[in-house]
Each structure stands twice: as structure tokens, then as C-alpha cells.
Amino acid sequence: MDVSGAAEVGVSVVVVLAGLVGLVGLVAAAVLGTESARGRVSLLSGLGGAGVVVGLIGSMIQGYTVRVGGSGPRLLDAGDPTSAVGGGSAGFAFPLGSVIGLVLLTALLLVGGTLLRAPRAVGIAAGGWLLVVAVLMLGVGHRGDVILANTSSAQFFVCGGLVIAFGIAVLVYQWQLTDRLADKTVSRSR
């Protein structure tokens, strides 16, 4: 896939800036603590920057697949019987890179949701991830270069990430409601 130099520079600048914002935000949140308003805002900016970095890492490794089964000499795509050259069965290309990218995303979203117990923490981290994935899928630069190809592993990465983000946001919302209910029960008992 031919990608222009301007597209590579643009993506690199955005990721470096997001990484710096994420690092500064996470360090500031560690220093200030999440009890203060500044600490929570710092943590949210750190989670957004970390989401961008996780999205880039996942996008770059999502194409790595591991062949499972089959007896042909090579495999082009998951379950594609025409890719088994020389007779034999095609097997299945397991999208290991996509799974690793989704595990990183899940860990980031769970950490953000657990620390703040607020769905917006999950939303900001997932928003950073989605921003990078959308830019890489839909094209960057003036020529519309596409970095994240339309393959089965990319679809697994994108659709799986959206499902995971939604599921964790619902889980964190449940935690938040449970915490509020527990606080009201304690205040009523006093």
C-alpha cells in the first residue's frame, strides 16, 4: 500500500502530541490524585491520549495473523479456499494482532472506568482510539491514502473494539449506579 510522506508525517505528529498529552495527564493525575477536580481532568486527558496511542498500536499490528489448520503452502485471508495453492485445504488465519490490540483497548478502558467510575472516562479513552482508527481507515492526506486496509483482521479489530467499548461503558455505568445507590442507602441509615 503506497502512503504519501505527508500522511505519515501527519499521523506521526498527531500520535506524538497525543502521547505527550497522555503522559503529562497521567503524571499530573498521579501527583494531584483523582479526588480533586484538576486530578480528574488530568486523568481524562491522559486517558484520551492513551486511547490515541493504543489505537495506533492496534492499527499497526492488527494485520498480523497466525495460520491455524490447512495444508496449503500459503494463506491470503481467513477461510479463503482459493488461497491454498497446490491442492490442500486453506485453513484459517487467526487475527492475533487484532486480538492483542483489543486486549490493550480493553485494559485501557477498564483502568479508566475503574479509577473514575464514570462512563465519560471510558468514552474519552474510546474516543481517542476511535479517532485514530477512523483516520487510518478513511484516509489521511490530500490523496485519501488509507493505512488501515479493509481486511478481515481490520474488520475484527474495528467491530470488536466498538463492541468492547460499548460493553465496558455499560458496565461502568452500572458500577456508578450501584455506588450511588449504596451512598443513598448509607445516608438514609444515618
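1. The largest nonpolar core, a set of buried Ala, Val, Leu, Ile, Met, Phe, Trp, Tyr and Cys residues joined through side-chain atoms within 4.5 Å, has 23 residues, and those with the most contacts inside it are Leu47, Leu108, Leu109, Leu116, Trp129 and Phe157. Buried here means under 20% relative accessible area (1.4 Å probe, protein chains only). At least two residues of this core come from each of helix 2 (37-61), helix 3 (96-116), helix 4 (119-138) and helix 5 (152-189), with helix 4 giving the largest share, 6 residues; helices are DSSP runs of H or I, at least four residues long, numbered from the N terminus.

2. This is a predicted model, in which local features need pLDDT of at least 70 and side-chain atom pairs count only at pLDDT 80 or more, while totals for chains, interfaces and linings use all residues. Residues are numbered from 1 along each chain as its sequence is written, and side-chain values use heavy atoms, leaving out hydrogens and water.

3. Leaving aside neighbours within four places in sequence, Leu109 is in contact (heavy atoms within 4.5 Å) with Val122, Ala125, Ala126, Ile164, Ala165 and Ile168. A second, separate core of 6 residues includes Val15, Ala18, Val52 and Leu136.

4. The structure holds 1 aromatic pair, pairing being counted for rings of Phe, Tyr and Trp (its six-membered ring) whose centres lie within 6.5 Å, with planes under 30 degrees apart called stacked, over 60 edge-to-face and the rest tilted. The rings of Trp129 and Phe157 have centres 5.6 Å apart and planes at 70°, so this pair is edge-to-face. Because Trp129 lies in helix 4 and Phe157 in helix 5, the pair ties together parts 28 residues apart in sequence; both residues, Trp129 and Phe157, are buried.

Conventions:
Buried < 20%, exposed > 50% of the residue type's maximum accessible area, 1.4 Å probe, protein only.
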